[in-house]
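Student: I would like to learn how to read the empty spaces and the sheets in a protein model. Could you take me through one slowly?

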Amino acid sequence: MAEKVTPRSEDYSRWYTDIVLQAKLADYSPVKGAMVIRPNGYAIWELIQKNLDRMFKDTGHVNAYFPLLIPESFMAKEAEHVEGFSPECAVVTIGGGQKLEENLYIRPTSETIIWAMYKKWIMSYRDLPLLINQWANVIRWEMRTRLFLRTSEFLWQEGHTAHATYEEAEEETRKILNVYKTFAEEYLAIPVIPGKKSDSEKFAGALHTYSIEAMMQDRKALQAGTSHNLGQNFAKAFDVQFQDKDGKLNFVYATSWGVSTRLIGALIMAHSDDRGLVLPPKMAQRPVVIVPIFRADDEKKAVLEFADKIHQELKSRFNVIYDSREQYKPGFKFAEWELQGIPVRLEIGPKDVANNKVVLVRRDTMQKEFIERNGILDRVTKELDTMQKELLEKARNFRDQNTLIVDDYKKLREIMDGDGGFVMSHWCGSPECETKVKEDTKATIRNIPFAGDKEQGKCIVCGRDSVQRVIFAKAY
RNA sequence: CGGGGCGUAGCGCAGUCCGGUUAGCGCACCUGCCUUGGGAGCAGGGGGUCGGAGGUUCAAAUCCUCUCGCCCCGACCA
């Protein structure tokens, strides 16, 4: 614990790693590219699961579980899909000490096994829509890994739905993206931009892909969630047809969508500071810590009695950490809980007992305030609500300040060579222009925002006509 | 695939060039005392097949050969 977090200004990626390790969110595993998610990190994932799951259920989805291992032949059925995923797949070739007759892929995603099953389950339009989600792990072999942001194995949820019409599938794709947006903003306190991916960035096997894009504190973009309209590609590959009201056979329309433990990386990079993790209250399983402070024995008794009552009172509403450990000094405890991102700290010492007050310190602003002991439950509740809102506002302001409208290619290059950020520029839609920007600046088109103004313009690369601006940014 | 570097306690390292008591230091850990409003102090303690195998030698963390693993840069890929 004596080790210090590297300041962001000195080395941003080192800072990120320091926070993950020192806040005990995760640790490196013996297997290269894999990570262990520790209790502090898993607590965040549980809150993501809990809240998103409720939102999925509210929109009519149900959970199921499909197997980890996928027959090689399934993977091969959708051409674009297999081409996109094969290089990053882990494959099981031996089982029970014997070479397998057919290799088994460890799922990089579950479309193929799910559509093989949907073929059995979907007969008629009465079976539609089929709205299934699963919480699972997947493996994608990665060369360069980073804790939470890119690991070979990660946890996620993947929704897979089947619909009777293209329009319905499209509506589902958009609806889920909106669920993601709401979740990111209301819970993670991260503002996001929903939009459509360019063809080069779309999911292997999709008609088109939508994403929500967030800006991190180093001004790089992070894709925080994706939603795909798969059209009839998988239905055709797996021969999933249904009979409509008129008795005619049609291929079903599909969607898939997911968010992963990468969101934890986003959460860290969006709010944390040089002292450590900063958790939005709604993402803190334990939002409050009480640190009693005392010297002599008589003082100790009074302080602990006072603090204990407050603890009991707060416990009725929050999961409170009551840190009465005597082997550590208060300063040490302050630093430790700050590092772990606990949103609100209450310091209770002899002076507070005498004045019937408590010191409240908010993790994000670090401001100390004497608050009345009476009514403390509502006061803490209010402070947590305010903090949740202000974190979102702060992140939004930061993003807006670092989002620039640019019409000059030289300017675009300058920005990407310098501080970076989101650059809103016109794009003609050609892959060539997209590639040129990437080669020149390492920035890519993050997405084509839904909310973008439909304005006439000229492509920033080639000067051809364009109807809308897109987001250029370097990305994780 | 090319170049460079590193494997010694849980972590970070010294010792290796030039072989020689019982392999050491910081942090962490355990026990006790003392402390407590911003990361305390003192005393004591536990913890090591020196990455692995073979060799040279009276004697190897140290020299030689082989081998395994990891990191960085480049190339490749995205």
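Student: Which residues line the second largest cavity?

Tutor: Please keep in mind throughout that this is a predicted model. As a general idea, rolling a probe the size of a water molecule over the atoms shows where empty space is left. In this structure, the second largest cavity is lined by Leu-52, Tyr-180, Phe-183, Ala-184, Ile-212, Ala-224, Val-259 and Leu-263, and about 40 Å³ of space lies in it. Helix α6 (residues 166-186) gives the largest share of that lining, namely three residues.

Student: How does the lining of the second largest cavity divide into nonpolar, polar and charged residues?

Tutor: The lining of the second largest cavity has eight nonpolar residues, with no polar and no charged ones. You can set beside this the largest cavity, whose volume is about 50 Å³ and whose lining has six nonpolar, no polar and four charged residues. Among the residues that line the largest cavity are Val-289, Trp-337, Glu-338, Arg-345 and Met-366, and the elements that give two or more residues to that lining are α10 (330-339) and β18.

Student: Strand β18 makes me curious about its sheet, so in what order do the five strands of that open sheet stand?

Tutor: The order is β16-β15-β17-β18-β19, and the pairing is mixed. Strands β16 (320-322) and β19 (368-372) stand at the edges with a single partner strand each, so one side of each is left without a neighbour in the sheet. On average, and with direction ignored, neighbouring strands of this sheet are turned by 25° against each other. If you follow β18 (residues 357-362) along β19, you will find an antiparallel pairing over five bridges, and there Val-358 stands opposite Ile-371 in β19.

Student: Which helices should I look for against this sheet?

Tutor: Helix α9 (residues 297-315) lies across β15 (288-292), β16, β17 (344-348) and β18, and it runs at about 170° to β15. Helix α12 (residues 376-401) also packs on the sheet, where it touches β15, β17, β18 and β19, and its direction makes about 15° with that of β18.

Student: What is the order of the eight strands in the other open sheet?

Tutor: Those eight strands run in the order β3-β7-β8-β14-β11-β10-β9-β23, again with mixed pairing. Here β3 (62-63) and β23 (448-449) are the edge strands, and each has a single partner strand, so one side of each lacks a neighbour in the sheet. Strand β9 (residues 193-196) pairs with β23 in the antiparallel sense over two bridges, with Lys-196 opposite Ile-448 in β23. Helix α8 lies across β11 and β14, at about 145° to β11.

Student: How many residues line the largest pocket, and which of them lie nearest its centre?

Tutor: The largest pocket is lined by 42 residues, and Arg-140, Arg-150, Glu-201, Gln-223 and Arg-262 lie nearest its centre. Several elements give two or more residues to this lining, including β11 (221-231), β14 (253-260) and α8 (262-271). The volume of the largest pocket is about 1200 Å³, and its lining has 13 nonpolar, 16 polar and 13 charged residues.

Student: From which domains does the lining of the largest pocket draw at least three residues each?

Tutor: At least three residues come from each of domain 1 (2-271) and domain 3 (403-473). The domain assignment of chain A also gives domain 2 (286-385), and 49 Å separate the centres of domain 2 and domain 3, taken over C-alpha atoms.

Notes: Residues numbered from 1 in each chain as written. Chains lettered and ligands numbered in written order. Predicted model: local features only at pLDDT ≥ 70, side-chain atom pairs only at ≥ 80, totals over all residues. Heavy atoms only, no water. 1 Å grid on protein atoms, 1.4 Å probe; cavity = no way out; pocket = protein on both sides within 12 Å on 5 of 7 lines; lining within 4 Å. Points joined across faces, edges and corners; volume = space filled by probe spheres on them. Helix = DSSP H or I, 4+ residues; strand = E, 2+ residues; numbered from the N terminus. Nonpolar A, V, L, I, M, F, W, Y, C, P; charged D, E, K, R; others polar. Domains from an automatic or database assignment. Pairing = 2+ DSSP bridges. Contact = heavy atoms within 4.5 Å. Axes fitted to C-alpha atoms, helices over the stretch in contact; angles between N-to-C directions.
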